[in-house]
Amino acid sequence: MELVWQAAVSGVVLGLVYALVALGLSLVWGVMDVVNLAHAEYLMLAMYATYWLWALGKLDPTLAAPVVVPVFFGLGWLTYQLLVRRIVRAPLAAQIFATFGLLFILRYGAFAAFGPNVYGVWRPGEGTVAVLGVPVATSKVVAAAVSLAAFGLLAGFLRYTKTGKALQAAAQNRDVALALGIPVDRMYALSWGVGVASVALAGAFLIPFYQVSPTIGDAFLLLAFASVVLGGFGRVDGALVGGLCIGLLENLLGTLISPTFKFLFVFAAFVAMLLVRPQGLLGDGGR
Amino acid sequence: MSRTGLWVGLGLAALASLPAWVQDSFLLNAMIHVFLLGAAAQAWNLVGGYAGQVSFGHAAFFGIGAYTAAWLLSRHGVTPWVGLWVGAAVAAGVSLLVGYPTFSLRRHFFALATLALAEIARISFLNWEVVGAAIGLYLPLEYRNRLAYLMWDSKPPYYWTALTVFVLATAVVWVVDRHRAGRYLRAVDQDEDAAEMLGIPTRRYKLYAMGLSASLTAVSGGVYALYVLYIDPYNVMASRISLLVVVIALIGGRGTVWGPVLGAFFIVLLNEYTRAWLGGRGAGTDFILFGLLVVLLSLYQPRGLVGLLARPLRQPQVAVAGAGGDEEEPPRTLPTEEVVLRVRGVQKSFGGVRAVRGVDLEVRRGEILGLVGPNGAGKSTLFDCLTGFARPDGGEASLGGARVLGLPPHRVAWAGLGRTFQGIRVFPDLSVWDNVLCGAEHSREGLWESTLGEAPEPLRRRAEALLRSFGLWEHRHRPAGQLSYGQQKLLSLAMAVLRQPQVVLLDEPAAGVNPVLVEEIGRQIRALNAAGLTFVVIEHNMEFVMRTCHRVAFMAEGRVVTVGRPEEVQRDPRVLELYYGR
């Protein structure tokens, strides 16, 4: 029982991190109905950026975030301007293939630049924090807290600011929003900026306990997709709920049954959700 | 054809004789990879190119084929001649299991499900003791150099085996492309709802493409296992294989026969040689180029390298006497009293909005019935309920005595109901000719038949007559997307009536076109009616309605208020009040 409780607590912590990774994917998907297959590649790049700031500039990852996040906001904005705006109204297949090509460029760009080796930030003497009686590594607790804060900030932004409301309007009906004078193009660019910035935030706080290599995007892309689909795509809170479910599922079933199959359970749950309730736990319209 | 045939024959002869004059083992190895990955890409092309259902998990099928053949041989001594086909069957089974439920969702979800499937397969095989878990399977070497076991200790026989698989996959795609199935798959890719409404059983075609694709991929994976003699989840189920297969088909040109062929040579040779030249460190550089190409092609040339190389082909003109366009309008026929479409108490609510509140309607054989009423009266929703695009909350409808309410759209079409949509719904990248032929009768058309045969002669003659009288015959080889708006409306009418349904529902046929074309569309509808077709027409253009319809039904607030001759309905005080607010 003790073991299960530990697994549940660390599952929640891990789930919050997954949720932060999925946040940007969900935002872009919800606002523009574009699935960004290259989403997790930005995570990988942000982890490299944080790593090199630490390795070369002796900058602690926590302090690196304020540098990395704005840069990646710019990167997301630029991606939109150079590529995504040309495919917003293209056939679905063209959208899938464009971000698929982007995935190749970013992933193998990282391969060419950094090689296939694995890098991690090593911080000696890092302690643990007791969360509900369970000791959890400080860096993980920090990452989970940052995730919660990010979700709170985004929810507040969407609900209480004029720009946030305009963003929601653009998401719900592009043509009506245009007719009302909302700069939809700028809203889309903003959602890409915020989407990529949020996944960079996740990267900066992930690197202290997760090593980076050019191909980590594979696992995280599927985990992020699973979170978004499980919670309900197109809703920001869906990513949070989905991420938590994935974290709990992975840790609980991994502990109770077998750790080698933990991702199998997650992906099976993801496929089962697609089949039974494609709109997700919170969603209302499926197709 | 004969010139293409000549080139293909010469190319094949050159490829087949390559091992005779080249002994470079690196090149032969690279070519074997070209053929096997090319075959898998060609297989992917069926489902990802023609049917437009993007799979990122073909490594799972490749691996299933490799594992089945290897396991049967190493554990049970079963020859690969059997094992390859068992693998193909297993892969097809798995693919249908994934495809059946996900094909009813939007395409994102299918792509995501295949991504997850490949990951599930890899983790399972990595931990499954029966197939060697992480250690993998070794193929027993004592079977080598016997044709019965397809294993050798030199490269040339593998080269020819792999070439055979590649040719087989390409031939399958060529056959599909050349016949009805290819046309229907493209139609499904471009507008699934419109394809359904023409009676194409879209899910069946998608599953067909998927099953065929998975089994061809599995055969290629099986031969790969026989070639490398050792398999584990890292070499036959790696995501790298899924990605390479997609990239080959995309860069070469998806939805074309020669795209994956071109792509395979280009991508795999580049991949193998950069690996050799640059070593481990530079392994990724060619992939950066592939990514760039994929992005650029998705923006500017969806047909890939083939699209860049192809010149617009001039097809031979078929000279057949036609109906001619500008003849006298035939005399109006009088409808019979026989009720062909009977609608009783059909209801539909969206949330709290009761869009259709119990509609009763009788359509008589041979008439043109106008369906008019203010916006929001529920006219299009009624059409959606009748044709299976919306699930009605209650009521019944029968066509010629057979129940149609609640059937999926293609079944409704099979029962004899045709329909056009508001706006235009043609398949923009298909030629005008292919568009019309998508309107063939599909209810008794088997998959086998549609893969191996062309549309029957009487149907082709009818399609030609329709195109001629609609003035579209000269444009038959152009993509439908290049026609004017009005021409596309005429084309969608031709598609809906080709199979001569018992009743054709037209949703605003005259909306958005210029007055001359409105007149032309009206004339065509009346001519088709004179030839025996029954129409129900939603239309706001009252002049058009008055001139075209035998009877008019007036709908408001989800109900049919009155039905009668056009003049009567027009003068009805209830209609004046509800329509014009007087």
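**Exercise 1. In this predicted model, work out the strand order of the open sheet of 6 strands in chain B, and find its edges.**

Solution, step by step:

- Walk across the sheet: the order reads β8-β9-β10-β5-β11-β12 in chain B, and the pairing is mixed.
- Now look for strands that pair on one side only: these are β8 (417-419) and β12 (559-564) of chain B, so they form the edges by definition.
- For the twist, ignore strand direction and average over neighbours: you get 20 degrees.

**Exercise 2. Zoom in on β11 and β12 of chain B: how many bridges join them, and do they run parallel or antiparallel?**

Solution, step by step:

- Start with β11(B), residues 551-556: 5 bridges tie this strand to β12(B).
- The two strands run antiparallel.
- To get the register, take B:Ala553 and look across: B:Val563 in β12(B) stands opposite.

**Exercise 3. Which strands does helix α15 of chain B touch as it packs on the sheet?**

Solution, step by step:

- Pick out α15(B), residues 379-387, and list its strand contacts: β5 (368-372), β8, β9 (503-507), β10 (534-538) and β11 of chain B.
- Then compare directions: α15(B) makes about 145 degrees with β9(B).

**Exercise 4. Moving to the contact between chains A and B, which helix of chain B gives the most residues?**

Solution, step by step:

- Count both sides: chain B puts in 35 residues and chain A puts in 35 residues.
- On the chain B side, α4 (80-102), α5 (107-127), α11 (239-252) and α13 (285-300) each supply at least two residues.
- The top contributor there is α5(B), with 13 residues.
- Sort the chain B side by class: 21 nonpolar, 10 polar and 4 charged residues.

Definitions and conventions
Residues numbered from 1 in each chain as written. Chains lettered and ligands numbered in written order. Predicted model: local features only at pLDDT ≥ 70, side-chain atom pairs only at ≥ 80, totals over all residues. Contact = placed C-beta atoms within 7 Å. Helix = DSSP H or I, 4+ residues; strand = E, 2+ residues; numbered from the N terminus. Nonpolar A, V, L, I, M, F, W, Y, C, P; charged D, E, K, R; others polar. Axes fitted to C-alpha atoms, helices over the stretch in contact; angles between N-to-C directions.
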